[in-house]
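Visitor: I have just started reading protein structures, and I would like to know how the labels are earned. Could you show me one and let me ask?

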There are 4 protein chains.
Amino acid sequence: MATNNPAPPDSTRRSERSRRAIYDAAIALVVEVGYPKTTIEGIAARAGVGKQTIYRWWPSKADVLLEAFLDLSEQAARAAGQEPESGGAYGIPDTGDLAADLKLVLRATVDELRDPAFEAPSRALAAEGVVNEELGRRFVAQLLEPSLQLYVDRLRSAQEAGGVRPDVDPRIALELFVSPLAQRWLQYTGPISYEYTDTLVDYALNGLAPR
Amino acid sequence: MATNNPAPPDSTRRSERSRRAIYDAAIALVVEVGYPKTTIEGIAARAGVGKQTIYRWWPSKADVLLEAFLDLSEQAARAAGQEPESGGAYGIPDTGDLAADLKLVLRATVDELRDPAFEAPSRALAAEGVVNEELGRRFVAQLLEPSLQLYVDRLRSAQEAGGVRPDVDPRIALELFVSPLAQRWLQYTGPISYEYTDTLVDYALNGLAPR
Amino acid sequence: MATNNPAPPDSTRRSERSRRAIYDAAIALVVEVGYPKTTIEGIAARAGVGKQTIYRWWPSKADVLLEAFLDLSEQAARAAGQEPESGGAYGIPDTGDLAADLKLVLRATVDELRDPAFEAPSRALAAEGVVNEELGRRFVAQLLEPSLQLYVDRLRSAQEAGGVRPDVDPRIALELFVSPLAQRWLQYTGPISYEYTDTLVDYALNGLAPR
Amino acid sequence: MATNNPAPPDSTRRSERSRRAIYDAAIALVVEVGYPKTTIEGIAARAGVGKQTIYRWWPSKADVLLEAFLDLSEQAARAAGQEPESGGAYGIPDTGDLAADLKLVLRATVDELRDPAFEAPSRALAAEGVVNEELGRRFVAQLLEPSLQLYVDRLRSAQEAGGVRPDVDPRIALELFVSPLAQRWLQYTGPISYEYTDTLVDYALNGLAPR
DNA sequence: TGTTAACCGAGACGGTACGTCTCGTCTTGCG
DNA sequence: CGCAAGACGAGACGTACCGTCTCGGTTAACA
């Protein structure tokens with residue numbers, strides 16, 4: 001019997017200009033004043049847009065920010081795609097030396113985590129996701145999991161090459177070095193450095209027990 | 001110098017009864033309606049207390065909840081102390097079998113993470129801590145770090161017994177199995193189970209590379 | 001120069017329904033609980049209106065009440081206009097007998113001062129006007145002075161007819177019988193009755209000294 | 001069965017110093033910030049007195065101010081009594097020329113009404129009295145009526161001397177020139193000047209009608 | 001090419017909560 | 001026991017945003 005609640009808006013007539021302005025305003029405000037002080041009224045005012053234009057297309061502040069951040073990531077990706085040398089998040093290099101490859105990528109992640117332009121909206125979304133399961137799952141599915149999948153791929157390649165035991169589940173294995181970094185960043189449980197991530201890779205590959 | 005602006009209240013005259021009522025109301029509301037819908041007005045009303053009594057003693061909603069949660073933990077700890085068999089958070093058992101001991105404690109943690117009475121306030125505080133560095137650090141220092149220290153102790157004991165390589169930094173090592181669990185819980189990046197934590201311990205101790 | 005700070009609201013979009021509800025609620029509350037216990041929150045709640053709708057259009061409680069009372073007077077006036085026999089506030093009768101005409105009107109005023117529906121808000125505004133000069137002057141200009149002007153007109157007519165000395169200033173002369181009644185009512189300096197106002201007219205017209 | 005409500009305080013142990021300080025603080029605050037912004041907390045703080053000391057002895061802010069003002073008047077009276085030449089409010093001169101005597105006293109009243117030290121508390125009390133009948137009646141009985149009685153006395157003397165008709169009620173007669181001045185002052189219905197009060201006396205004594 | 005239906009900006013509306021202020025009561029030492 | 005001090009329960013203050021609801025105005029696609 002079809003959805004009949006508030007009559008869904010006609011997305012073909014949507015103003016692209018407004019959408020862009022809203023994304024930009026949302027990101028800018030989160031960076032400038034933080035997520036809790038970013039309000040829908042503020043976004044609308046900054047974007048030069050009526051409040052209803054936001055409420056028409058997004059159900060909540062968190063959703064605006066999630067889309068804005070996805071958009072930002074795509075832009076960054078497109079920009080990165082232009083300079084194809086950068087391994088970046090687009091495929092983990094496979095030099096045959098697993099430890100070296102992982103250390104390289106984690107060092108790049110450390111750099112990214114320290115970039116204020118990414119940090120503020122990332123934290124905002126992560127925090128909202130902690131407390132709002134639905135958004136959290138979307139955040140993970142759309143932003144986190146694709147990146148983690150790259151580790152899965154690299155670990156599987158290493159398994160084929162004999163550098164990782166074949167009975168190891170790569171999806172769990174990657175957490176041994178990714179999650180510690182994530183937790184230190186999210187919860188301020190410790191400092192983040194290249195040395196630290198290098199150590200994580202070594203511990204994870206070699207284990208804590210004597211060989 | 002000396003006394004400054006708002007004249008700090010005289011803590012010797014503080015009403016113990018009000019403090020307790022505020023703790024209880026805060027925890028109850030977070031469990032019932034979630035952190036964002038928990039308001040200071042609501043806490044005050046539920047506790048049968050004037051709003052000013054909250055503003056007098058705490059600077060923000062997050063601080064109320066942090067203290068309330070600390071208090072809750074202490075109560076739980078005291079209760080646990082009554083039944084001294086429970087290893088609980090008070091020291092990790094040391095049977096000589098490191099893997100078994102860690103698995104046991106992580107299974108207990110899994111249970112705790114699933115207890116709704118702990119989950120709601122924990123998430124609320126963790127989320128606020130992600131976005132509010134000062135609170136995050138206090139959350140870690142007062143709640144998380146003491147627990148992690150127990151792992152440090154147990155790992156050091158294992159190092160002396162030869163079950164862990166002597167060059168390993170225990171504070172980092174513990175993150176190999178604790179952080180993955182934390183991240184799955186915080187960010188819904190994957191399911192949580194006894195099997196999962198058992199696997200984490202095995203991977204961390206033995207490493208991913210073939211031996 | 002030109003438009004300054006808080007951006008004045010667009011009065012064309014104002015809700016007539018809300019305005020009416022606010023007037024009614026304000027008058028009702030002043031009658032029921034008195035001026036000091038009439039709060040903006042109370043008016044808003046009673047009118048089924050958001051507080052901001054009051055703060056948007058009026059700068060203070062006193063202003064709300066002044067307008068509400070002006071509105072009430074206009075309503076009463078329109079109602080009185082329907083029954084055109086009533087001299088009421090709309091012109092003092094001019095039968096040629098000045099004393100009789102004044103006594104008649106003052107007796108009507110006595111009745112009005114005793115009507116509880118008028119008394120509570122009138123007192124409230126008068127009291128506020130005593131202590132708040134700006135409001136007091138508006139109260140006088142918009143409510144009191146128009147009524148007093150009717151006496152001026154009647155006295156001038158009497159001067160033309162020779163019943164009042166031509167050198168008398170009617171604006172002052174009217175105070176001889178109007179102000180005593182006003183003061184007794186405002187300050188409880190004495191009882192109010194037809195006999196009293198009749199006496200005032202006689203004393204004022206004939207003077208205290210023997211003729 | 002005697003009043004037994006809150007156990008009446010023992011007035012013999014009352015602190016005279018506190019009472020004085022409270023009077024002074026109350027008057028000073030009303031003059032400085034106006035009656036509505038004068039709070040009990042503010043009086044207590046300024047007087048260096050506990051709030052309870054005020055609540056113990058007075059039922060309301062208005063009562064404090066009424067007593068403070070009565071006290072002030074007594075002080076002023078005692079001061080005036082020292083310089084016995086001043087006719088002041090203490091007896092209206094009786095030179096035989098009623099009009100001249102009244103004009104003189106009313107001119108002194110005009111001066112008093114313009115003295116800011118008297119104006120602020122007088123207005124405050126008058127305003128409160130408009131809206132609070134009980135206080136209003138006490139204000140009149142203790143402050144106003146004694147002054148008015150002096151006019152009664154002078155008018156009676158004039159009646160004996162034949163300057164005022166014997167059938168005139170002096171208590172009403174005095175209102176012909178006193179109330180207009182009172183109303184202009186209270187309600188800002190017109191300017192106050194010597195010329196104005198002189199005119200009032202002339203009109204009242206001679207009447208408005210031609211002789 | 002003129003009509004019309006939508007999205008658009010703007011912002012008023014009924015509400016909720018904020019953090020502050022003051023009320024009048026209650027509690028705790030000091031003298 | 002009166003007092004200074006001030007914490008307390010209560011609740012109004014005026015502000016900021018919430019999410020909904022009109023308002024014209026513009027801007028397509030259709031007639």
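Guide: Gladly! This is a predicted model, and a good place to begin is the meeting of chain A and chain B, where 24 residue pairs are in polar contact, both residues of each pair being at pLDDT 80 or more.

Visitor: Which helices of chain A make up the side that touches chain B?

Guide: At least two residues each come from α6 (116-131), α7 (133-161), α8 (170-173), α9 (175-187) and α10 (194-206) of chain A. The largest share belongs to α9(A), with ten residues. By kind, that side of chain A holds 27 nonpolar, eleven polar and eleven charged residues.

Visitor: Why is the pair A:Glu175 and B:Arg184 called a salt bridge?

Guide: Their closest N and O atoms are 2.7 Å apart. The cut-off is 4 Å between a side-chain nitrogen of Lys or Arg and a carboxyl oxygen of Asp or Glu, so the pair qualifies. The rule finds two salt bridges across this interface.

Visitor: How is the size of an interface often given?

Guide: It is often given as the accessible area lost when the parts come together. For chain A and chain B, the buried area is about 4,600 Å², with carbon and sulfur atoms giving 62% of it. On the chain A side, A:Val130, A:Tyr188 and A:Leu208 supply 17% of the area buried against chain B, more than any other three residues. The contact takes 49 residues from chain A and 49 residues from chain B.

Visitor: How do you know that no contact joins chain A and chain C?

Guide: A contact needs heavy atoms within 4.5 Å, and no contact is found between these two chains, whose closest C-alpha atoms lie 14 Å apart. Chain B and chain D have no contact either, with their closest C-alpha atoms 15 Å apart.

Visitor: Now the DNA. What makes C:Ser18 a polar contact of DNA strand E?

Guide: An N or O atom in the side chain of C:Ser18 is 2.7 Å from a phosphate oxygen of the strand. The limit is 3.5 Å, so this counts as a polar contact. Backbone atoms take part too: a backbone N or O atom of A:Ser15 lies 2.8 Å from a phosphate oxygen of DNA strand E, and a polar backbone atom of C:Asp10 is 3.0 Å from one.

Visitor: Which element gives the most to the surface near DNA strand E?

Guide: That is α3(C), with five residues. The residues of this surface divide into ten nonpolar, 15 polar and 15 charged.

Conventions:
Residues numbered from 1 in each chain as written. Chains lettered and ligands numbered in written order. Predicted model: local features only at pLDDT ≥ 70, side-chain atom pairs only at ≥ 80, totals over all residues. Heavy atoms only, no water. Buried area = accessible area lost by both parts, 1.4 Å probe. Polar contact = N/O pair within 3.5 Å; in protein donor to acceptor, adjacent residues only side chain to side chain. Helix = DSSP H or I, 4+ residues; strand = E, 2+ residues; numbered from the N terminus. Nonpolar A, V, L, I, M, F, W, Y, C, P; charged D, E, K, R; others polar.
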